[in-house]
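Student: Can we go through the charged pairs together? I'd like to see how you reason about them.

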Amino acid sequence: MNAVVIAVCLMLLLAVARVHVVLALFIGALVGGLLSGLGLDGTMVAFQEGLGDGAKIALSYALLGAFAMAVAHSGLPDMLASKLITKLNEAEEQGSSKARLLTKWGMIAAIAAMAVMSQNVIPVHIAFIPLLIPPLLGVMNKLHLDRRAITCVLTFGLVTTYMFLPIGFGKIFLNDILLGNIKKAGLDTSHISIMRTMGIPALGMFLGLLFALFVTYRRPRTYRATKIEAEEKEISKYRITVSVIAILACFSMQLVLNTINSDADALLVGALVGLGVFIFTGAIKVREADEVFTSGMRMMALIGFIMISAQGFANVMSKSGQIEPLVKSTAALFGDNKAMAALAMLSVGLLVTMGIGSSFSTLPIIAAIYVPLCGALGFSPMATVALVGTAGALGDAGSPASDSTLGPTAGLNVDGQHDHIRDSVIPTFLHFNIPLMVAGWIAAMVL
């Protein structure tokens, strides 16, 4: 059996069995490297080289955590959450179920909108989650809202937006990476409408979200009272004003850097600018700064370590030389059967992305292999783009090492009541990867 298949399956099984994700990634990489013939020394070197690629990501997320805690310390999120809770209490006193429903669905719609805008209008990716979600946990608890539904909302906004809308991160994924690598592989993409091509896969994601909200997780779920609910912080108008300025400064800096395509890490620079505003205005006193920033970094530390380990795992998989044989041997099993070949290519894309944890990193690997295969099987240019794009996006939702699942966990698990594997990874895998695979297969057949 292919070493990549064994490595990814082993990593996923260990994670589901409650082995820590970092350890699961390391063991999976070690086994995959040994089976591919890299040897112990070659595997460890490849893993260590990959770790360096994740260091910048980890530092960015740590600083974002510190920035999020600084905003929380200002009292702004608590003030917004307090107003929602007050409205809920008034609705309960009046016996108004309509007000509860409006609050519930209004909050879900606002979170979905923020997730979508985080990929284009305000391109901050998952940076908004530790700012927005923790203060709202008290509201969710009063509504008995299942946090797995919120996970699906967040992941839907993070993934579907970049794989459908060619703006912001979507421009990078669709135009630069997807169409760029397909063009390198020899296919003319100049006359392809990317939104029309990826529309069917995006529709599959949307149907998965609707199923999660209205069927799977529609029932009330009870959580114990959290510290976030119990604490009452003094609200300072000055700190709130500074907090708003810091948020605008952080987001504006990221927007500018993304617009000019700067090589500087937008998340890292934006977080530093936001923290600078808090420090230089005195909104956070010097004696408080260490505790606030350290607690914020601690909140995002798990994501950082997982992202670093995921880069090591991905590098071992790339160095193993087993991905190309996996794709070719799988496609060869079905000969000229387009339907089965498309399903096989989507399955391999799912497997590879689940291991690497990033569709942005997967696409360059598989595009060079898939485009000639699709041409030989008679797929049209639009079908080829849909197949490659879907195969790359598959697995971003549902991967233990993806920031599309790690981000929601970081926001929803601040009180220890949201398990990363059972409440983020498995729900998003079931509700997005399955419909996305079906929709991607349909797109490959009809386009």
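Tutor: Sure. One term to start with: a residue is called buried when its relative accessible area is under 20%, exposed when that is over 50%, and partly exposed in between. Keep in mind, too, that this is a predicted model.

Student: Okay, how many salt bridges does the structure hold?
Tutor: To count as one, a side-chain nitrogen of Lys or Arg has to sit within 4 Å of a carboxyl oxygen of Asp or Glu. By that rule the total is four.

Student: Is Asp 423 buried or exposed?
Tutor: Its relative accessibility is 7%. The cut-off for buried is under 20%, so Asp 423 counts as buried.

Student: And which residue does Asp 423 meet in a salt bridge?
Tutor: The N to O distance for this pair is 3.8 Å. Asp 423 lies in helix α20, while its partner lies in the loop between α10 (199–216) and α11 (227–230), so the pair ties together parts that are 202 residues apart in sequence. That partner is partly exposed, with a relative accessible area of 26%. The residue is Arg 221.

Student: Where does Arg 147 lie, the one that meets Asp 415 in a salt bridge?
Tutor: Those two side chains come to 2.9 Å, N to O. Asp 415 belongs to the loop between α19 (403–412) and α20 (420–446), and the pair links parts 268 residues apart in sequence. Arg 147 is buried, at 0% relative accessible area. Its place is helix α7 (residues 147–164).

Student: Last one: how far apart are the closest N and O atoms of Arg 148 and Asp 146?
Tutor: Arg 148 is partly exposed at 23%, whereas Asp 146 is buried at 3%. They form a salt bridge, and the closest N and O atoms are separated by 2.8 Å.

Terms used
Residues numbered from 1 in each chain as written. Predicted model: local features only at pLDDT ≥ 70, side-chain atom pairs only at ≥ 80, totals over all residues. Heavy atoms only, no water. Buried < 20%, exposed > 50% of the residue type's maximum accessible area, 1.4 Å probe, protein only. Helix = DSSP H or I, 4+ residues; strand = E, 2+ residues; numbered from the N terminus.
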